[in-house]
Amino acid sequence: MIPQNNPHANYLGIKAEIDQAISKVLDGGWYILGEETAAFEREFAEFLGARFVVGVANGTEAICLALRACGIRPGDEVITVSHTAVATVAAIEMCGAVPLLVEIDPATYTMDPASLIAVMTKNTRAIVPVHLYGHPADIEPILKFAEEKGLFVIEDCAQAHGAAIHGRKTGTWGHAAAFSFYPTKNLGCLGDGGAVTTNDPEIHEKLIAARQYGWDRERVSRTEGINSRLDEIQAAVLRVKLRQLDESNRKRVRVAARYSECLSLLPLSLPVVLPGKTHVYHQYVIRLSDRKTRDTLLEFLKAGSIQTSIHYPVPVHLQPFYSDRFGRSGSLIETEKVCETILSLPMFPELTSTEIDRICDRIHEFFREV
Ligand SMILES: Cc1ncc(COP(=O)(O)O)c(C=O)c1O
């Protein structure tokens, strides 16, 4: 079976370095928020071109803590998309805020800036654009809108480590940004991990306190906080993986290019890269004409030992927990059409040309048969 993603292959490729980094932590005897975390925060900040990075326990809490550090309080409204991991919306609710869900641009699957004005009310305080699948959201009009209306922008970069707009990395455009290091991400650890980035020293200080019981540097709790720390083993793993992030993103781009070349003449939509944007292909998502064709292709690939996935089969506003409050079928038409017709092909840096060709041959075979 060709898997849809393969963090194990990534580990095996750098096993000796990872094992050594983990042993160093084990032998060092300091396991939470130590030298490895501090070094990773510095190195990731340098990679991004951000002033500050604060390691936290996962990407969901990274979004929640970033919102809190920007002053978002219970009852405030935060705009995001329905076409995202449920985690984005769960994080907004975790900090007590009310999510407002908007449409996407069906070409890039990211937030449609034109949809912001219709949902905004006097209680709206922030926007969380998601750089989905590794393609940057249309951040410039979003920032312009936010500035005009006095809103904070917190980027969800869980799928966009190394993506960029005019050469400037995602995670450096908003007031703050949240990253996940879940194992399958472009930069993934071997467990849970996350980080918040910001260029603002005040937001940075608030994050330092918020991730650890509201402590200041003397361990006195002066503000509200939780426990959301990045541990030393994960930070050590991330330092090794960060050194090869550019290379593994280049490999993803090569995989994507080969797919696009092989599939270009078929009746399906391929990923687009808008001018000025650097796509890091967390996912390679194709779009079929209708749900039946998508579902049949998925089964056909599975029968040929090729695993695919759907990111995401049900938009957040139609998930049972959210549907009573956030909408009904037909309320976000583009989002719903997209969810019915997309398919994520296998995508990871170690995917070989032979495997890509086998996947493409199978897709060609499918279209010959239908
Ligand atoms: C777009 C998006 N946002 C947020 C998250 C949450 O990250 P985590 O799983 O580390 O909490 C994820 C990860 O699945 C994601 O893909």
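This report walks through a predicted model of a protein with a bound ligand, starting at the ligand and moving outward.

**Around the ligand**

Let us begin where the ligand sits, which is the largest pocket. It is surrounded by 15 residues, and the closest are Gly59, Thr60, Asp156, Gln159 and Ser180. Three of these residues have a polar side-chain atom at a listed distance from the ligand, as the table shows.

| Residue | Ligand atom | Distance |
|---|---|---|
| Threonine 60 | oxygen | 2.5 Å |
| Aspartate 156 | nitrogen | 2.7 Å |
| Glutamine 159 | oxygen | 2.9 Å |

How much of the ligand does the protein bury? On its own, the ligand would expose 390 Å², and the protein buries 88% of that area. Helices contribute to the surrounding shell: α4 (59-69) and α5 (86-94) each provide at least two of its residues. The largest share, 3 residues, belongs to α4.

**An enclosed strand, β11**

Next, have a look at strand β11, which covers residues 194-198. All 5 of its 5 residues are buried, so the rest of the structure largely encloses this strand. In a regular strand, side chains alternate between the two faces of the sheet. Here, Gly194, Val196 and Thr198 point one way, while Ala195 and Thr197 point the other way, and every one of them is buried.

Strand β11 has antiparallel partners. Strand β1 (residues 52-56) is joined to β11 by 5 bridges, with valine 56 standing opposite glycine 194. Strand β10 (residues 176-180) is linked to β11 by 4 bridges, again antiparallel. In that pairing, phenylalanine 179 has alanine 195 as its bridge partner.

**Strand β13 and its partner**

Another covered strand is β13, made of residues 284-287. Tyr284 and Ile286 lie on one side, Val285 and Arg287 on the other, and these four names all belong to buried residues. Strand β13 runs antiparallel to β14 (residues 342-345), and 4 bridges join the pair. Within it, tyrosine 284 stands opposite leucine 345.

**An open sheet of 3 strands**

You can also find an open sheet whose 3 strands follow the order β9-β8-β12, with antiparallel pairing. The edges are formed by β9 (168-169) and β12 (277-278), each of which pairs on one side only. Strand β8 (residues 164-165) is connected to β9 by 2 bridges, and isoleucine 165 stands opposite arginine 168 there.

**Two residues to compare**

Is histidine 135 buried or exposed? This residue lies in the loop between β6 (124-128) and α7 (139-149). Its relative accessible area is 2%, so histidine 135 counts as buried, the cut-off being under 20%. The side chain of histidine 135 also reaches the backbone nitrogen of leucine 274, at 3.1 Å.

Aspartate 19 belongs to helix α2 (residues 15-28). With a relative accessibility of 27%, aspartate 19 is classed as partly exposed. Its side chain makes a polar contact of 2.6 Å with the side chain of tyrosine 11, and another of 2.7 Å with the side chain of lysine 15. Finally, aspartate 19 and glutamate 218 are 199 residues apart in sequence, and their C-alpha atoms are 34 Å apart in space.

Definitions and conventions: Residues are numbered from 1 along each chain as its sequence is written. This is a predicted model: local features need pLDDT of at least 70, side-chain atom pairs count only at pLDDT 80 or more; totals for chains, interfaces and linings use all residues. Side-chain values use heavy atoms; hydrogens and water are left out. Buried means under 20% relative accessible area, exposed over 50%, partly exposed in between (1.4 Å probe, protein chains only). Two strands pair if DSSP finds at least two bridges between them. A residue is near a molecule or strand if one of its heavy atoms lies within 4 Å of it. A polar contact is a pair of N or O atoms within 3.5 Å; within protein, one must be able to donate a hydrogen and the other to accept it, and residues adjacent in sequence count only if both atoms are side-chain atoms. Accessible areas come from the Shrake-Rupley method with a 1.4 Å probe; for residues, only the protein chains shown count as cover. On a 1 Å grid over the protein atoms alone, a cavity is a set of points where a 1.4 Å probe fits but cannot get out, and a pocket is an open set with protein on both sides within 12 Å along at least five of seven lines; lining residues have an atom within 4 Å of a point. A molecule sits in a cavity or pocket if more than half of its atoms lie within 2 Å of its grid points.
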